[in-house]
Amino acid sequence: MKDTFYISTPIYYPSGSWHIGTCYTTVICDSIARFNRMQGKDVFFLTGTDEHGQKVEAKAKEKGVTPKQYVDEIVADLKNIWQLLDINYSRFIRTTDEDHAKTVQYIFKRLYEQGDIYKSVYEGLYCTHCESFFTETQLVDGKCPDCGREVHHEREESYFFRLSKYADKILQLYQDNPEFLQPKTRVNEMINNFIKPGLQDLCVSRTSVKWGIPVDFDKEHTVYVWIDALSNYISALGYHNGDETLFNKFWPCDLHMTGKEIIRFHAIIWPAILMALDLPLPKRIYGHGWLLVGGDKLSKSKQDKINTELTDPKDFVARYGKDSLRYYLLREIPFGTDGVYSNENFLNRINSDLSNDLGNLVSRTTAMINQNFDGVLLEPADKDEIDNELISMVSELYDVVAKDIEEINVPRALQDIFKVVGRANKYIDETTPWVLAKDPAKKGRLQTVLYNLSEVIRICASLLLAFIPSSATQILACYSINADDVNLLEAKNFGGLKAGTKVIKSQPIFPRIDVKKELKEIEDLMIKRHKESQKSAYKPENAQNGDENKAKDNKKSGEICEHPDEINIDEFFKVELRVAKVISCEKVEKSDKLLKLQLSLGYEERQVVSGIAKYYTPEELVGKKVVLVANLKPAKLRGVLSQGMILCGEEGDNVKLVEPDMSLPEGSRIR
Ligand code: MSP
């Protein structure tokens, strides 16, 4: 029987704002799944959507459609993106699928009957936006710790899952299985931030949310958030909803891949639910970092008030092909940490690795075989010491890359493959095949050099099928190899290409990009789009309520009412407002009014002096998010450098900071 491998992404909220960051988890999982498939394993790769809850209910109402109609459209769009990016999933599960609902209802009832779920009353502080209850101590400045919004008191009859009962078992799990939660730093995060302060029982049903799976023995209640969402990992395999063949074959999961913000649900709540169900636990959970997108942080454009970074995956596919985006996502961000997207990094990465290194190797080699041997690969005719390093590197490459993937380090896997690609290009410079071609006595040497290069191409392209499948398929096709037939355990061995193989001259797979020109084009495109969206936002037919009336009034009187101090939108955009977080703060010596704040913008730190010492103590400010005027000329106040200004509102003697929504990341542009 074949070995099995089960990998999952989290299921996506149907937010509809899909950007390249959203694609990150899925492209990684797809590559790991593909690699395992090519190792001959029977792979189950699961992804899908998390469709229930108050937010969807509210949005659908706003649009005048049913929640199901609302999510159907968004899900279709997401599936389209996965198709564009060659995501080869085994199942796309939706929490609105009937079989999923059956599993969830079974789990809920079983846990209730065995006493792991009990009914009580929830009285607490509730954040409507996050659909979460909090205790007083969990609040930050009296507000929701996750999004910073106001919370309100709510009393509701609910069912609870006895999460508190599982704290010790989960600690034991981390201790006994150091591989369970990765990267390792996440373990301490879970223990210190969540388990040690005490696990609270978890509210698992709602009576006020109708868009959810009904609790079948108490129809007033719907299942709330995590029992619904997390159960997808087993409902997708048929657990208690019909045929359990897949469940028996694939559970426990080999790898749940998740973003770092939801690791605690996967590393604490999910194991506790599984322990209660007496099921084996997933083998590994990996919490990756974020790709920070949509900022204009690194834009050097003159008009840097507008976000000029590309973010829509469809734009990438249309302009540079699917594999360029896949490659960038997989290669650029050191695994486990955050990375910041910029057009320039993206274009340079594609040019240097795909166009220069890989593209050139393939086009030079296949062209020389066509020029010198009529497009037929000949067997190696001699041996030379100069060949040894390259041959030994490529012969070991599969083992190296398999280890990288086993250790869930996708960027390193690509680095290792490209090390060999780079070595092969150097081998071309060392062996100078174009010189060999001129001397009939050196034909044998040329034959060997081109054979060795072809083998490097074949082995590298076979490995690359997992990461850039469409381009690697094209490369292998030059050697008449059908990508569907590749098994890495066979493909890994040097010497696989038979003499007499027909070699087709490769077309440029990754045309070289003129980075300067392209940056300008992207910038123009983004500015044009921005202007169009501004225009449509201000069209009378698109204006809302008051604006609409104002527009009508203006039309009636036939005049445009301009306020003498009015500024146009471009003038406003000259002010660069950004979200910043206060990292530390202290009084400025010999001043009653001034505080010196160290602010983080994510991509850099700033020191700002502000005259708010009368209204805030330094301790109160640390941890807060503030609005920073980031392009103010630096100045010195009492001899202390101030690189910007933070915004406050004032009414008489009451001065308060303008505080952005806590969920906005540091560095976000405010406009
Ligand atoms: N519905 C929950 C997951 C439930 S799983 C039982 C959820 N959904 S989500 O849509 O918000 O996120 C889905 C995945 O996309 C997460 O892994 C998240 O970290 C990832 N990403 C969304 N934006 C991202 C970036 N900008 N960068 C990297 N990953 C990001 O959470």
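Begin by selecting serine 668 and proline 665, where a polar atom of the serine 668 side chain lies 2.5 Å from the backbone oxygen of proline 665. The model on screen is a predicted one. Serine 668 belongs to the loop that runs between strand S23 (654–657) and strand S24 (669–670), and with a relative accessible area of 13% serine 668 is buried, because the limit for that class is under 20%.

Next, select strand S22 (residues 648–651), which holds glutamate 650. Glutamate 650 counts as exposed, because its relative accessibility is 66%. If you add tryptophan 434 to the selection and draw the C-alpha to C-alpha distance, the two residues are 75 Å apart in space, with their positions 216 residues apart in sequence.

The cysteines can be shown now. A search of the whole structure finds 0 disulfides. For cysteine 23, the closest cysteine sulfur is that of cysteine 29, and since 13 Å separates the two sulfurs, they are too far apart for a bond; cysteine 23 is also buried, at a relative accessible area of 1%. Cysteine 648 is likewise in no disulfide, its nearest cysteine sulfur being that of cysteine 585, 12 Å away. Cysteine 648 is partly exposed, with a relative accessible area of 31%.

Move on to the ligand and select its surroundings. The shell comprises 23 residues, and the closest are Ile11, Asp50, Gly259, Glu261 and Leu291. By class, this shell contains 12 nonpolar, 9 polar and 2 charged residues. Colouring by secondary structure helps here, as at least two shell residues come from each of strand S1 (4–12), helix H1 (20–38), helix H7 (226–230), helix H8 (232–235) and strand S11 (255–259).

Three polar contacts of the ligand deserve a look in turn. At aspartate 50, an N or O atom of the side chain is 2.7 Å from a ligand nitrogen atom. At tyrosine 13, a polar backbone atom is 3.0 Å from an oxygen atom of the ligand. At glycine 21, a backbone N or O atom lies 3.4 Å from a ligand nitrogen atom. Taken alone, the ligand exposes 670 Å², of which the protein buries 89%.

From the ligand, select the open sheet, in which 6 strands follow the order S3-S2-S1-S11-S12-S7 with parallel pairing. Strand S3 (91–94) and strand S7 (181–182) stand at the edges, and each has a single partner strand, so one side of each is left without a neighbour in the sheet. To see one of the pairings in detail, show strand S2 (residues 42–49) with S3: the two run parallel and are joined by 4 bridges. Threonine 47 has phenylalanine 92, in S3, as its bridge partner.

Finish at helix H11 (residues 313–320), where Pro313, Asp315, Phe316, Val317 and Tyr320 are buried. At the start of H11, select aspartate 312 and lysine 314: a side-chain oxygen of aspartate 312 comes to within 2.9 Å of the backbone nitrogen of lysine 314. At the other end, glycine 321 follows just after H11 and takes a positive phi of about 90 degrees.

Definitions and conventions
Residues numbered from 1 in each chain as written. Predicted model: local features only at pLDDT ≥ 70, side-chain atom pairs only at ≥ 80, totals over all residues. Heavy atoms only, no water. Buried < 20%, exposed > 50% of the residue type's maximum accessible area, 1.4 Å probe, protein only. Polar contact = N/O pair within 3.5 Å; in protein donor to acceptor, adjacent residues only side chain to side chain. Near = heavy atom within 4 Å. Areas by Shrake-Rupley, 256 points an atom, 1.4 Å probe, with all protein chains shown as cover. Nonpolar A, V, L, I, M, F, W, Y, C, P; charged D, E, K, R; others polar. Disulfide = S-S within 2.5 Å. Pairing = 2+ DSSP bridges.
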